[in-house]
Amino acid sequence: MCGIFGSVADKVEYNTIKQGLKNLAYRGYDSAGIAVATNGGVVIERTEGHPKFLPDLGLTGTVAIGHNRWATHSPPTKENSHPYTSNDNKISLVHNGIIENYAEVRRFLEEKGFTFYSQTDTEVLPNLIQFYLSQGDNLQAAMRHTAKHVEGAFGVIFIHADHPNQMNLMKLGSPMYVGRADEAVYVCSDAYSFPEEVKTFSSIDDSKILIIRKDSVDVQDLNGTKLTLIFEEKNISADTYCLGKHEHYMQKEIHEQFDYVVSALAGRIRDAEIKLGGLEDCVESFAESKQVIFTGCGSAHNAALVGALAMEEVGRLMCRQMPAGELKYTDLLVDDKTWLITVSQSGETADVIGCIKNMRNKGAKVLGVVNTPNSTIYQMTDCGIHIRAGKEVSVASTKAVTNQMLAMLLLAYKIGLENGCSYRDYKAFLSEVQKLPYFINKVIAQEQKIRDICEHYKDSKTAFVIGRNVLEFIAKETALKVKEISYIHAEGYSGSELKHGPLALIDDKIMNICLLDKNFYPEKTMSNIEEIRARGGKVILITNYTKQEVDNKIYDRLISTETGENKFVTAMVFNVVGQLLSYHFALHNGRDVDLPRNLAKSVTVE
Ligand code: F6R
């Protein structure tokens, strides 16, 4: 969590840093702050909330840093926002991550006479650097000693008033990128949020200390050994942050799914063969695995549930799945015939990173379903599938989830062909999955109707979303989206489980979103719907039956949409209906759709 953005140049505009922070707001928007080194000293601005609330200033300096905060150790107030300053007021510092031994470091500094104005872990950092400088260290040595003294994960940049032409960086565990333009150097928490003028960038490895000037970047490790950074071309689309005709990034990202599914399929189905370039060296070992464990967090975990079912039913490998935050602390039987499949859009989710470390120690190999090249998770895996979903800006994940499911389906059918899936089923899947963009657009064409349904039910206090088999996981994903952005309480359940408890809650005040696939035991889901109707529950029916094919007594509102026969592809189409429902529930309830309260997009803390 937290976003960091900084720049060093002959003239750094304060407003450039503010724009950088706005681009990074998905990482946290509890508070924001900027420090600019000018001829007259360091100027600091802070605000509570989103960085857009920072004042617009015509200020320029030689180095400037900024920060968006996602609160962990203290309330999200203006006072607790970064940058933090040292006791001598010379150091202004911003930090992403957590200092685990901050209480101990704070006591150490207090004994030396340092005072503190906040309860945050971050405040120990500028003071510890000041302490080591006072012991005779030069700046780099002070950074090395500080990095070794603290425990935890951090990405830090700071300005020192005595060195107004340089930005100083320490990195251990939180993502940091350096980008070079003709006249300036930038630091940013992701590679997408650099200004257009940045031509090349480098991902900074852990345990590195950097001194960044407008025309040089000095890197060393924690022992003081000098190193060289490798820069790569920045081939990132300029329109990521352009909303175009859309009201929100979430809406844009839902609508973009046609293009990104096409992109995810491009070149991957050739001559009736599924080609996954990133797996060529490991597919044999994967196909021979004794068990496959699927993991991820939140929506990525819901996608992993779909992937695990497909891999077991189609790929014929023994699978299990668990949220990464649980898997990390669960002592499963794992050996070198185990593969771990990690699903993560950002590639930086701390729980997933922890899982990879834990499973690797037990001998497992790791396959990443990734969207962010060069991310930490990408670098930790043995092989992977790039889901090609492009940058997601909205906090709620939509197009990435679709492409995660798609990538895992391609993998399941590829392995399935080796492990006994019939060629007929395989070919039917190939033909159907290529129609997925078309099916998705058929859903999007119904947006106005979905909007009207949401307007009607917007005051519901609770929603049950039910589905069976793979649709149980779509029910969970839809419920997560509904609660995440509209703040309506929602539960995703298997229809079969309804009568084992939750039915007690159903009455005429409960909204029920029912997922019904006409090709997969429809009569079973119909019975569940009847059970809901018998208790007066309102039903929004999402189905691939046409209006004529379904009895109008079983629903209050119908969203009928075209799919093929493959239940996994159908599930992905229904999921898009769920995305639009949650988006419009949120809009009708006046929510901040792209930046839901208390959340952040990239969860880099446990
Ligand atoms: C929900 C959502 C989150 C993420 C989760 C994992 O809409 O976006 O539940 O799916 O935080 O994030 P990544 O995929 O970046 O690991």
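In this predicted model, 13 residues surround the ligand. The closest are Ser344, Gln345, Ser346, Thr349 and Glu484. Three polar contacts are worth tracing. An N or O atom in the side chain of serine 344 sits 2.6 Å from a ligand oxygen. Glutamine 345 comes in through its backbone: one of its backbone N or O atoms is 2.6 Å from an oxygen atom of the ligand. Alanine 300 also uses a backbone N or O atom, at 3.4 Å from a ligand oxygen. On its own, the ligand has 410 Å² of accessible area, and the protein covers 90% of that.

Stay with glutamine 345. It is placed in the loop between strand S20 (338-344) and helix H10 (350-361). Is glutamine 345 buried or exposed? Its relative accessibility is 14%, and the cut-off for buried is under 20%, so glutamine 345 counts as buried. What does glutamine 345 touch, once neighbours within four places in sequence are set aside? The contacts are Asn371, Thr372, Glu392, Ala400, Gln404 and Lys601. One of these, Ala400, falls in helix H12 (399-419). Gln404 falls in H12 as well.

H12 leads on to helix H13. H13 spans residues 423-433, and its buried residues are Tyr426, Phe429, Leu430, Glu432 and Val433. An α-helix has 3.6 residues a turn, so residues three or four places apart point the same way. Tyr426, Phe429 and Val433 can be read with that spacing in mind. What do the buried residues of H13 pack against? Four helices take part: H6 (257-265), H12, H14 (436-444) and H18 (567-588). Two strands join them, S16 (269-270) and S17.

S17 also helps to place the disulfide. How many disulfides are there? The count comes to one. Cysteine 282 is joined to cysteine 383, with an S to S distance of 2.4 Å. A disulfide is a covalent bond between the sulfur atoms of two cysteines. The angle about the S-S bond is 95 degrees, and the link between cysteine 282 and cysteine 383 is right-handed. Cysteine 282 lies in the loop between strand S17 (273-274) and helix H7 (283-287), while cysteine 383 belongs to strand S22 (residues 383-386), so the bond ties together parts that are 101 residues apart in sequence. Cysteine 282 and cysteine 383 are both buried.

Other cysteines do not pair up. Why is cysteine 355 without a bond to cysteine 297? Its closest cysteine sulfur is the one in cysteine 297, and at 7.7 Å that is too far for a bond. The cut-off is 2.5 Å. Cysteine 355 has 0% relative accessibility, so it counts as buried. Cysteine 454 tells a similar story. Its closest cysteine sulfur, in cysteine 514, is 15 Å away, which is too far for a bond. Cysteine 454 is also at 0% relative accessibility and therefore buried.

Now turn to the sheet. Seven strands form an open sheet in the order S5-S6-S7-S8-S12-S13-S14, with antiparallel pairing. Strand S5 (84-85) and strand S14 (226-227) stand at the edges; each has a single partner strand, so one side of each lacks a neighbour in the sheet. Further in, strand S6 (residues 91-99) pairs with S7 over nine bridges, in the antiparallel sense. There, valine 94 has isoleucine 157 of S7 as its bridge partner.

S12 (residues 208-213) deserves a closer look. Five of its six residues are buried, so the strand is largely enclosed by the rest of the structure. Which strands pair with S12? On one hand there is strand S8 (residues 167-172), antiparallel over five bridges. Methionine 170 has isoleucine 209 in S12 as its bridge partner. On the other hand there is strand S13 (residues 216-221), antiparallel over six bridges. Isoleucine 211 stands opposite aspartate 218 of S13. The connection from S12 to S13 is a hairpin through two residues. In a regular strand the side chains alternate between the two faces of the sheet.

Helix H4 packs against this sheet. Its span is residues 139-149, with Leu139, Ala141, Ala142, Met143, Thr146 and Ala147 buried. The cover over these residues includes strands S7 (152-160), S8 and S12, along with helix H3 (124-134). At the N-terminal end of H4, asparagine 138 acts as the cap. A side-chain oxygen of asparagine 138 lies 3.2 Å from the backbone nitrogen of glutamine 140.

Terms used. Residues numbered from 1 in each chain as written. Predicted model: local features only at pLDDT ≥ 70, side-chain atom pairs only at ≥ 80, totals over all residues. Heavy atoms only, no water. Buried < 20%, exposed > 50% of the residue type's maximum accessible area, 1.4 Å probe, protein only. Contact = heavy atoms within 4.5 Å. Near = heavy atom within 4 Å. Polar contact = N/O pair within 3.5 Å; in protein donor to acceptor, adjacent residues only side chain to side chain. Areas by Shrake-Rupley, 256 points an atom, 1.4 Å probe, with all protein chains shown as cover. Pairing = 2+ DSSP bridges.
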